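These notes are meant for a colleague opening this structure for the first time. Please read each point with the coordinates on screen.

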Amino acid sequence: MTNARRTLRGVLGVAGFLLVMEALGRTGIIDPYLIPLASTILTGAARLLANGEFLSQVGVTLSSCAIGLLLAAAVAVPLGTAMGTVPAVERSLRPLVEFLRPIPSLALLPLAMFLFLSGEQGKIALIVYTSCWPLLINTLYGLRDVDPLAKETLRSFGFGSYDVVRLVSLPSAAPFITTGVRIAASVALIVAVSVELVAGGDGIGVFVTQAASGNRRDVVLAATLWTGIIGLLVNSLLAKAESRLFRWHRARAGEEAL
Amino acid sequence: MLEISDLTHSYGAYQALGGVNLTVAEGELVCVVGPSGCGKSTLLRSIGGLLRPTGGRVLVQGRPVEKVPDDLAIVFQDYSRSLFPWMTVADNVSLPLRRRGGDRRSRAAAAVEALEQVGLPAAAGKYPWELSGGMQQRVAIARALAYKPALMLMDEPFGSVDAQTREDLEDLVLQVRRSSGMTIVLITHDIDESVYVGDRVVVLSKSPATVVGDLRVELPEPRDQIATREHPDFVHLRAEVGRLVRGMRSGEPAAAPEAEAASPEQEPAPAAPKA
């Protein structure tokens, strides 16, 4: 199937869903007071684009995510590289990672709020914590996946271990690390909005809470819609960057004809 | 250039090398043949400083090999894994030159020159995976050439290409040797190839490997894929090497059925970590 046709079908699916929702609301099967009409939500969403308050809250959420991701990458990529390169480091850190990783980040929210002076810092700390894991695990697997012969080739020209990591292991693991960034980005957005919803401060979550307290369900849903769209956009931008940057990776995996 | 004395190596209880003695003179092209799994790669890795042998001594240019020698390059069999897919062909070729210092421009010039030597001047900007297998192995050879090593080790370099390409690459190695004068040790399991390419053919026994034959190849130069292979000396030498590889004493008739049954190839390969 061509890309255009695939996109067309996707659009048809979304449009169909909206039409059904609209019809259910208009016929009264779903009370439009409980869940506003699809058209109301869409108009609301369009109107939010001109809402300075909303836009600045989106900016807050996105910048928290960006700062959190950068900090997470600064911690997780070197750590994952060490774990993926030196087996002893992996063996001693693995149990700790496996223990910490499944803890839901929101469970750490009270602790974060207690430890950090501002809510914004606590939120960023939780984003860092949560987005560390996909970055760490992907970096680790990426480095383990490096072809031993590629490393040996470089060694055979007299390069030392540091150069092998820099010139072979990291470039070879880069597609995995980038996938880690993509997964971490969507996780970061979820954590950011969740913390804002629960703990307040600033951001999309706070905007939603305020709209809800004013009983503006249309605004709540419109803002939620935008959050979803932002997540989707970030993901597809990163995915596009991945496939463009790492054409060689797909070529090697045999997904692209020579 | 290269002196190997009493070289032994074991992987746990499995002994791969059982005391190899071999001397290679400056400018020589020596082919090492032996039955599969006989420790040829272990030998090469010991020379290249990639593996610390259990016993014995390897001297490259008079110096004992403790780490990877400075003046040495290795061409591996598996070009697709030994070339870096995220780099262009030119970058792959010039990468090892970073060890030699020099600026980016001189490295790039050396890469272009090496690619011309292997007949691939147009491939510089391409990626390795855009090239055919034979071309990729040419790039790997160019990478070794650009490094201008005194000693080039080749580990089954033509084991993964088709027959036609194989012949072209054999001739490429001969041509490179003529123009650069470097010393080459080429490991192969192909008897014909060893006789066609080598100045000398060294035959290893099955593991634990020792040198069981060392034959000088005196065929008319330049060698030619058709004429050389029908030369009586070629035919004689390949039979000789064949017998040695099969573990028969030289001059013994190859057709003896008993000898055939006892040939090392009939035995299951030992389950040892393959180098």
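1. A good place to begin is S131(A), which lies in helix α6 (residues 119-144) of chain A. In this predicted model, S131(A) has a relative accessible area of 0% and is therefore buried, the cut-off for that term being under 20%. When its neighbours within four places in sequence are left aside, S131(A) is in contact with G68(A), L69(A), A72(A) and A184(A).

2. On the annotation of chain A, an unreviewed UniProt entry places the feature "domain: ABC transmembrane type-1" at residues 58-238 of that chain. In the model, this span is 86% helix and 0% strand, and the C-alpha atoms at its two ends lie 19 Å apart.

3. Turning to charged side chains, how many salt bridges does a search of the whole structure find over all chains? The search finds 28 salt bridges. Side chains of opposite charge can pair when their charged atoms come close. In chain A, one of the pairs is formed by D163(A) and R166(A), whose side chains meet with an N to O distance of 3.0 Å. Both residues belong to helix α8 (residues 161-199) of chain A, where they are 3 residues apart, about one turn of the helix. R166(A) is partly exposed, with a relative accessible area of 39%.

4. Chain B offers another pair within a helix, since R166(B) forms a salt bridge with E170(B), and the closest N and O atoms are 3.8 Å apart. R166(B) and E170(B) both lie in helix α6 (residues 163-180) of chain B, at a separation of 4 residues, about one turn of the helix. Are these two residues buried or exposed? Both R166(B) and E170(B) are buried.

5. A further salt bridge in chain B links R238(B) with D192(B), the closest N and O atoms being 3.3 Å apart. R238(B) lies in helix α9 (residues 232-245) of chain B whereas D192(B) lies in helix α7 (residues 191-197) of chain B, so this pair ties together parts that are 46 residues apart in sequence. R238(B), at 38% relative accessibility, counts as partly exposed, and D192(B), at 22%, also counts as partly exposed. Returning to chain A, salt bridges that share partners join E90(A), R94(A), E98(A), R101(A) and R144(A) into one network.

6. The strands of chain B deserve a separate look, and here the question is why strand β9 (residues 200-204) of chain B is largely enclosed by the rest of the structure. The reason is that 5 of the 5 residues of β9(B) are buried. In a regular strand the side chains alternate between the two faces of the sheet. Both faces of β9(B) are covered, with R200(B), V202(B) and L204(B) buried on one side and V201(B) and V203(B) buried on the other.

7. As for the strands that pair with β9(B), strand β3 (residues 29-33) of chain B runs parallel to β9(B) and is joined to it by 4 bridges; V33(B) has V203(B) as its bridge partner in β9(B). Strand β10 (residues 211-216) of chain B pairs with β9(B) in the antiparallel sense, over 5 bridges, and V202(B) stands opposite D214(B) in β10(B). The connection from β9(B) to β10(B) is a hairpin through 6 residues.

Terms used. Residues are numbered from 1 along each chain as its sequence is written. Chains are lettered from A and ligands numbered from 1 in the order in which they are written. This is a predicted model: local features need pLDDT of at least 70, side-chain atom pairs count only at pLDDT 80 or more; totals for chains, interfaces and linings use all residues. Side-chain values use heavy atoms; hydrogens and water are left out. UniProt positions are given in the numbering used here, feature names are shortened, and annotations may be inferred rather than shown by experiment. A salt bridge is a side-chain nitrogen of Lys or Arg within 4 Å of a carboxyl oxygen of Asp or Glu. Buried means under 20% relative accessible area, exposed over 50%, partly exposed in between (1.4 Å probe, protein chains only). Contact means heavy atoms within 4.5 Å. Two strands pair if DSSP finds at least two bridges between them.
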